[in-house]
Amino acid sequence: MGAVSLVLNGPVILVTYKLLGRDFLLKSLKSMVICAVFMDYVIPFVPPYHGNQLLAALFAGAFNGAGLALIYLQILPPGEADFLILVRERS
């Protein structure tokens, strides 16, 4: 899933390279590779949770939000929609 994410984001990265610059490209690639590695190689080793599903959903949402907040605070967007939003903001 992580490798597919990298492949699908490739064309968008190339299009936005001219508009956002080399530094933004390198930071974004670093973030995307880290996310892809975690999706492909770390998450499969996490054991499934068999307890309260509502509690699991609440904690998953909180941790996901905290992780994305850390990414966005460093201006390292993990997906293609973020590239398009930043292109529109800078133009």
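**Helices H1 and H3 in a predicted four-helix chain**

Helix H3 comprises 21 residues and extends 30 Å from its first C-alpha to its last, close to the 30 Å expected at 1.5 Å a residue. This description, like those that follow, rests on a predicted model. At the N-terminal end of H3, Asn-52 acts as the cap, with a side-chain oxygen placed 3.1 Å from the backbone nitrogen of Leu-54.

H3, which covers residues 53-73, also carries both Phe-59 and Phe-63, and these lie four residues apart, about one turn of the helix. In general, an α-helix has 3.6 residues a turn, so residues three or four places apart point the same way. The count of aromatic pairs comes to one. That pair is formed by Phe-59 and Phe-63, whose rings are 6.3 Å apart centre to centre, with 25° between the planes. The arrangement counts as stacked because the angle of 25° falls under the limit of 30 degrees set for that class. The two partners were also assessed for accessibility. Phe-59 has a relative accessibility of 46% and therefore counts as partly exposed, whereas Phe-63, at 61%, counts as exposed, the boundary for that class being over 50%.

Helix H1, formed by residues 2-20, departs from the span of a straight helix: 19 residues would cover 27 Å at 1.5 Å a residue, but the end C-alpha atoms of H1 are separated by only 24 Å. Within H1, a kink of about 40° is located at Gly-10, shortly before the proline Pro-11. Just after the helix, Gly-21 adopts a positive phi of about 95°.

The buried positions of H1 are Gly-2, Asn-9, Val-12, Ile-13, Thr-16 and Leu-20. Ile-13, which lies in this helix, has a relative accessibility of 5% and so counts as buried, since the class requires a value under 20%. Ile-13 is separated from Ser-28 by 15 residues in sequence, and the C-alpha atoms of Ile-13 and Ser-28 are 8.6 Å apart in space.

With regard to the chain as a whole, the model contains four helices and zero strands, and from the N terminus on the elements follow the order α-α-α-α. Of the 91 residues of the chain, 22% count as buried. The chain exposes about 7,000 Å², and 72% of this area is supplied by carbon and sulfur atoms. When contacts between residues at least 6 apart in sequence are considered, 76% of them join residues at least 24 apart.

Terms used. Residues are numbered from 1 along each chain as its sequence is written. This is a predicted model: local features need pLDDT of at least 70, side-chain atom pairs count only at pLDDT 80 or more; totals for chains, interfaces and linings use all residues. Side-chain values use heavy atoms; hydrogens and water are left out. Helices (H or I, at least four residues) and strands (E, at least two) are DSSP runs, numbered from the N terminus. Buried means under 20% relative accessible area, exposed over 50%, partly exposed in between (1.4 Å probe, protein chains only). Contact means heavy atoms within 4.5 Å. Accessible areas come from the Shrake-Rupley method with a 1.4 Å probe; for residues, only the protein chains shown count as cover. Rings of Phe, Tyr and Trp (its six-membered ring) pair if their centres lie within 6.5 Å; planes under 30 degrees apart count as stacked, over 60 as edge-to-face and the rest as tilted. The expected span of a helix is 1.5 Å times one less than its number of residues. The bend at a residue is the angle between axes fitted to the seven residues ending there and the seven starting there. A polar contact is a pair of N or O atoms within 3.5 Å; within protein, one must be able to donate a hydrogen and the other to accept it, and residues adjacent in sequence count only if both atoms are side-chain atoms.
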